[in-house]
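Me: Please take me through this structure by question and answer. I would like the reasoning before each result.

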Amino acid sequence: MAILSVRTPSSIQLLRSSVSPICSKPLFRSLSNFSSSIVSAPFARLKSNSPISRPRVVLARASTGVADPVADYREDIGEILGDVSIFTASGQPVKFSNLLDQNDGVSAVVLLRHFGCVCCWELATALREAKPRFDAAGVKLVAVGVGTPDKARILATRLPFPMECLYADPERKAYDVLGLYYGLGRTFFNPASKKIFSRFDEIREAAKNYTIKATPEDRSSVLQQGGTFVFRGKKLLYGRKDEGTGDHPSLDDVINVCCQSKATVA
């Protein structure tokens with residue numbers, strides 16, 4: 001949970017006093033440990049994967065049925081994304097095109113930040129609980145996280161989360177194609193991250209079995225933000241980038257987009 005990262009003893013004390021009424025000590029301890037691991041990474045290493053040199057293919061507007069922020073994408077973004085190779089949680093390479101429904105069905109693709117992010121454990125918990133609703137609507141649920149397959153298995157086992165829905169993108173290839181945000185400012189200081197303070201109960205519940213061991217070895221990966229997308233076949237219907245850490249869309253909105261799309265086809 002990078003947004004709670006702090007850098008000085010005085011700021012630690014200030015944060016403790018501000019969150020103590022709503023945050024249990026075990027949760028704060030786990031979040032503090034997680035934050036410390038990010039801060040301890042050499043700054044030069046954090047800069048090693050600067051987004052300036054990472055390719056982006058964002059051009060044309062994706063459509064949406066809700067009022068959430070929408071990313072701009074070129075019309076063939078699904079085809080481009082389909083050529084990206086990532087991994088199943090069990091470690092098998094897979095083309096992204098194989099994750100999207102092959103019969104023009106609807107897929108909800110959620111790109112988490114990284115497997116060691118507490119906010120992502122909270123989002124994964126919400127996805128797990130919403131999966132019956134996706135299934136009932138005939139929507140394929142795909143969750144992708146930054147890290148190696150062994151890190152994905154840690155989340156899947158300890159949370160738990162269905163491994164058949166979970167994929168690993170250690171090199172952040174899909175994140176680059178989709179132009180998702182990256183950097184210190186987005187991770188630590190973006191105003192959108194204040195949403196997490198309204199979800200402390202959910203975060204505390206998701207963090208019960210949390211372990212920092214799920215964090216990628218490449219600490220620069222902790223600066224990656226996620227996003228949520230809905231496809232019909234390879235056609236993008238909805239695209240939303242997370243503005244900051246913990247800035248997840250409403251899953252009700254995502255399911256509504258999926259259902260509206262299926263109703264239109266019918």
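The turns below go from the whole chain to single residues, and the model they describe is predicted.

Me: How many helices and how many strands does the chain have?
Reply: The model is predicted, so the elements are assigned from predicted coordinates. Elements of both kinds occur in the chain. The count is 10 helices and seven strands.

Me: What share of the residues of the chain counts as buried?
Reply: A residue is buried when its relative accessible area is under 20%. The chain has 266 residues to which this is applied. The buried share is 54%.

Me: What part of the accessible surface of the chain belongs to carbon and sulfur atoms?
Reply: The accessible surface of the chain comes to about 11600 Å². The part that belongs to carbon and sulfur atoms is 53%.

Me: What percentage of the contacts with a separation of 6 or more joins residues 24 or more positions apart?
Reply: A contact requires heavy atoms within 4.5 Å. Among the contacts in the chain with a separation of 6 or more, those between residues 24 or more positions apart account for 76%.

Me: Which strands pair with β1, and in what sense?
Reply: Strand β1 covers residues 85-88 and pairs with β2, residues 93-95, over three bridges in the antiparallel sense. Another pairing of β1, over two bridges, is with residues 166-168, which form β5. That pairing is antiparallel as well. The partners are β2 and β5, each in the antiparallel sense.

Me: Which residues stand opposite phenylalanine 87?
Reply: In β2, the residue opposite phenylalanine 87 is proline 93. In β5, the residue opposite phenylalanine 87 is alanine 168. The two are proline 93 and alanine 168.

Me: Which residue takes a positive phi in the hairpin of β1 and β2?
Reply: The hairpin has four residues between its strands. One residue there has a positive phi near 105°, and that is glycine 91.

Me: Are the rings of phenylalanine 188 and phenylalanine 189 stacked, edge-to-face or tilted?
Reply: The structure has four aromatic pairs. In the pair of phenylalanine 188 and phenylalanine 189, the ring centres lie 5.9 Å apart and the planes are at 45°. Planes under 30 degrees apart would count as stacked and planes over 60 as edge-to-face. The angle falls between these limits, so the pair is tilted.

Me: Is phenylalanine 189 buried or exposed?
Reply: Phenylalanine 188 has a relative accessible area of 5% and is buried. For phenylalanine 189 the value is 62%. The limit for exposed is over 50%, so phenylalanine 189 is exposed.

Me: Which charged residues have their ends over the ring of tyrosine 181?
Reply: The charged end of one residue, arginine 186, sits over this ring at 3.6 Å from its centre. The charged end of lysine 241 sits over the ring of tyrosine 181 at 4.9 Å from the centre. The residues are arginine 186 and lysine 241.

Me: Which residue forms a salt bridge with glutamate 122, and is that residue buried or exposed?
Reply: Glutamate 122 lies in helix α5, and the pair links distant parts of the chain, with the two positions 77 residues apart in numbering. The partner is in the loop between α8 and α9, and the N to O distance is 2.6 Å. Glutamate 122 has a relative accessible area of 8%, while its partner has 15%, under the 20% limit, so it counts as buried. The residue is arginine 199, which is buried.

Me: Where do aspartate 135 and lysine 131 lie?
Reply: Their closest N and O atoms are 3.0 Å apart, in a salt bridge. Aspartate 135 is partly exposed at 42%, whereas lysine 131 is buried at 18%. The two residues are four apart, about one turn, and both lie in helix α5.

Me: Which residues does serine 221 touch, not counting residues up to four places away in sequence?
Reply: Serine 221 is in the loop between α9 and β6. Its relative accessibility is 1%, so serine 221 counts as buried. The residues touched by serine 221 are His114, Val146, Arg172 and Pro216.

Notes
Residues are numbered from 1 along each chain as its sequence is written. This is a predicted model: local features need pLDDT of at least 70, side-chain atom pairs count only at pLDDT 80 or more; totals for chains, interfaces and linings use all residues. Side-chain values use heavy atoms; hydrogens and water are left out. Buried means under 20% relative accessible area, exposed over 50%, partly exposed in between (1.4 Å probe, protein chains only). Accessible areas come from the Shrake-Rupley method with a 1.4 Å probe; for residues, only the protein chains shown count as cover. Rings of Phe, Tyr and Trp (its six-membered ring) pair if their centres lie within 6.5 Å; planes under 30 degrees apart count as stacked, over 60 as edge-to-face and the rest as tilted. A charge sits over a ring if NZ of Lys or CZ of Arg is within 6 Å of the ring centre and within 35 degrees of the ring normal. A salt bridge is a side-chain nitrogen of Lys or Arg within 4 Å of a carboxyl oxygen of Asp or Glu. Two strands pair if DSSP finds at least two bridges between them.
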